[in-house]
Amino acid sequence: MSKQRLQQLLAFLEEEPDDAFTIYAVATEYLKSDIDKAREYFELLLREKPAYVPTYYHAAHLYLDLGMDEKAVATFEKGITVAQQQGDHLALRELRNAYDQYQFESDD
């Protein structure tokens, strides 16, 4: 993780605390060094900005990494629903593929 990049993103967030993309960028940057902080920011997005589709893919994978499979499944399913509602076909395909992969691997 680039400490400088994170500091810059946090400064942007301070200027615009409601900007979903900036919150998302901070969360994904924290994925490289501080899983708890990443989770905090992803959960903020899920709570406060549920229409921000990119969150669901990364949050679900984070939950899987943390062994929180039920939360991951719920996150995948909610993300699929939101992507469908928004007509975001690329995100929908990515979420479905990731969810299908999880289901395939968990059936083994």
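Colleague: Is Ser 33 buried, exposed or partly exposed?

Modeller: Ser 33 is partly exposed, with a relative accessible area of 44%, where buried means under 20%, exposed over 50% and partly exposed in between, using a 1.4 Å probe and protein chains only. This is a predicted model, in which local features need pLDDT of at least 70 and side-chain atom pairs count only at pLDDT 80 or more, while totals for chains, interfaces and linings use all residues. Residues are numbered from 1 along each chain as its sequence is written, and side-chain values use heavy atoms, with hydrogens and water left out.

Colleague: Where is the place of Ser 33?

Modeller: Ser 33 lies in the loop between α2 (20–30) and α3 (35–48), helices being DSSP runs of H or I with at least four residues, and strands E runs of at least two, numbered from the N terminus. The C-alpha atoms of Ser 33 and Ser 2 are separated by 9.7 Å, and these residues are 31 residues apart along the chain.

Colleague: And α2, how many of its residues are buried?

Modeller: Nine of the 11 residues of α2 are buried, so this helix is mostly covered; among them are Ile 23, Tyr 24 and Val 26.

Colleague: What covers the buried residues of α2?

Modeller: The cover includes α1 (3–15), α3 and α4 (54–65), where contact means heavy atoms within 4.5 Å.

Colleague: Changing topic, how many helices and strands does the protein chain have?

Modeller: The protein chain has six helices and zero strands, and buried residues make up 35% of its 108 residues.
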